[in-house]
Amino acid sequence: MKILQSKISESGLVETMSARSRRNFLLRTGAVTLSAAGVAMLSGCVNAGKYGTADGAVSQDVKILNTAIGAEHEAVAAYQVGAESGLLSNDVLKVAVQFQGHHKEHIEALAKAVMSMGGTPAEAKSDYGFPVHQLKNQTHVLEFAAGLERGAVSAYAGAIPVFDNRDLSLAAASILADEAMHWAVLRHALGLDPVPGAFFS
Amino acid sequence: MMPTVSFGTALLTVAGLLADASAASAEMSVLTSGDATRGKQLYAQCVGCHSPERHRTGPKHCGLIGRQAGTAAGFDYSKSMRESKLIWSVRTLDSFLFSPLGYIPGTNMGISGIKDDNDRSDLIAYLIAMNEWPECR
């Protein structure tokens, strides 16, 4: 491992690891993907009739899934903004595109679940009004993405207990784990402690 | 003819006054004890769906306090939220954040809620402080 160095980054953050080691870390961890089992849970196992779920409960589960789809669409769009910003190094760009791909997979799986429950999946917005003017360098882009990923972890953590269909809770937990890995990798790339605590809320 | 007030009605009136007093007390409690600085940290939980100044998966939070629920222009609310007729105050926010689906069944905010009293108090204090931001005016 490279010798730790301490220098003030462009944004004022204290960098505790060399840029090379962070790049290497990004390349290694970027290979993690959402498990096939998580996708199967969503796309193949959701059957309201099978579980005898009440219409109201199904409707509520669909609403929660569609809220998640909406947030996933926003994440895809945010990574697109980052990818097209010209501010990311090639190594970081590869990881950003890979993370974006994960979010696309989440959407695909969540949408299948919604349709299997008789619902209509939420669609992407034409404009998210991202604060693009505030993104001046790679650190800003990474901080922006990390904030979204951290919020997504909270959103899934909050949704898991309220799904009527427990298969959906299981699948949401699988996605949560993926988003948490994204968050940790982005924090590491920012020179922050990737896992800042034993618990998360 | 003088109107008559039954004992039951009187009890309900007293109960209502007590509830109002309790609500006012709750408002004061948050206003005086909520830690907006800590609330800012807790707000990180919200940014998966919300932002102060722009609508996202959830509506923007600028101007939330005092606003009627489901009325921020440009956001597509659930029918339940639109029809709730709630005014967002410390009391109503506290109840909603404790259990969104319990307080407004059918809301799109499908999370279990924030169960810690101090966390809700601090978060609400931050939302109140947000109203004073230049970008929120």
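These are my notebook entries on a predicted model with chains A and B.

**Entry 1: the two chains**

I began with the secondary structure, and I found that chain A has seven helices and two strands, which follow one another along the sequence as β-β-α-α-α-α-α-α-α. For chain B I noted six helices and zero strands, so that entry in my notebook is simply the run α-α-α-α-α-α from the N terminus on. I then looked up burial, and I wrote down that buried residues make up 50% of the 201 residues in chain A, while for chain B the figure is 40% of 137 residues.

I also looked at how far apart in sequence the touching residues are. In chain A, 76% of the contacts with a separation of 6 or more are between residues 24 or more positions apart, and in chain B, among contacts between residues at least 6 apart, 44% join residues at least 24 apart.

**Entry 2: one helix of chain A**

I checked the length of helix α5 of chain A, which covers residues 90–116 and has 27 residues. From its first C-alpha to its last I noted 39 Å, close to the 39 Å expected at 1.5 Å a residue. Just after this helix I came to A:Gly118, which takes a positive phi of about 85°.

**Entry 3: the largest nonpolar core**

Which residues have the most contacts inside the largest nonpolar core? I found B:Tyr43, B:Met81, B:Trp88 and B:Leu123, in a core of 25 residues. Helices α4 (90–98) and α6 (117–130) of chain B each supply at least two residues of this core, and the largest share, five residues, comes from α6 of chain B.

I followed B:Tyr43 further and, leaving out residues up to four places away in sequence, I listed its contacts, among them B:His50, B:Pro52, B:His61, B:Leu123, B:Tyr126 and B:Met130.

I then turned to B:Gly39, which is found in helix α2 (residues 36–42) of chain B. Is B:Gly39 buried or exposed? Its relative accessible area is 0%, so I entered B:Gly39 as buried. The C-alpha atoms of B:Gly39 and B:Asp122 are separated by 4.4 Å, although the two residues are 83 residues apart along the chain. Apart from residues up to four places away in sequence, B:Gly39 touches B:Asp122, B:Leu123 and B:Tyr126.

**Entry 4: aromatic rings and charges**

I noted that the structure holds eight aromatic pairs over all chains. In one of them, A:Trp183 and A:Phe200 lie 5.3 Å apart centre to centre with 70° between the planes, and the pair is edge-to-face. The pair links distant parts of the chain, since A:Trp183 belongs to helix α7 (residues 166–189) of chain A and A:Phe200 to the segment after α7, 17 residues apart. I recorded A:Trp183 as buried because its relative accessibility is 13%, whereas A:Phe200, at 35%, is partly exposed.

Why is the pair of B:Tyr126 and B:Trp133 called edge-to-face? The ring centres are 5.7 Å apart and the planes stand at 70°, and planes over 60 degrees apart count as edge-to-face. B:Tyr126 counts as buried at 8% relative accessibility, while B:Trp133 is partly exposed at 23%. Back in chain A, I saw that ring pairs link A:Tyr128, A:Phe130 and A:Phe144 into a cluster.

I also looked for charged groups over rings, and I found A:Arg150 over the face of A:Trp183, at 5.8 Å from the ring centre. In chain B, the charged end of B:Lys115 sits over the ring of B:Phe98, 4.4 Å from its centre.

**Entry 5: where the chains meet**

How many residues of chain B are in contact with chain A? I noted 18 residues of chain B in contact with 25 residues of chain A. The two chains bury about 1,600 Å² between them, 51% of it on carbon and sulfur atoms. On the side of chain B, B:Gln45, B:Arg54 and B:Thr57 lose the most area to chain A, together 31% of what that side buries.

I ended with A:Gln60, which lies in helix α4 (residues 55–84) of chain A and which I marked as buried because its relative accessibility is 14%, below the cut-off of 20%. Leaving out residues up to four places away in sequence, A:Gln60 touches B:Leu101, B:Gly106 and B:Thr107.

Notes: Residues are numbered from 1 along each chain as its sequence is written. Chains are lettered from A and ligands numbered from 1 in the order in which they are written. This is a predicted model: local features need pLDDT of at least 70, side-chain atom pairs count only at pLDDT 80 or more; totals for chains, interfaces and linings use all residues. Side-chain values use heavy atoms; hydrogens and water are left out. Helices (H or I, at least four residues) and strands (E, at least two) are DSSP runs, numbered from the N terminus. The expected span of a helix is 1.5 Å times one less than its number of residues. A nonpolar core is a set of buried Ala, Val, Leu, Ile, Met, Phe, Trp, Tyr and Cys residues joined through side-chain atoms within 4.5 Å. Buried means under 20% relative accessible area, exposed over 50%, partly exposed in between (1.4 Å probe, protein chains only). Contact means heavy atoms within 4.5 Å. Rings of Phe, Tyr and Trp (its six-membered ring) pair if their centres lie within 6.5 Å; planes under 30 degrees apart count as stacked, over 60 as edge-to-face and the rest as tilted. A charge sits over a ring if NZ of Lys or CZ of Arg is within 6 Å of the ring centre and within 35 degrees of the ring normal. Buried area is the accessible area (1.4 Å probe) that two parts lose on being put together, summed over both.
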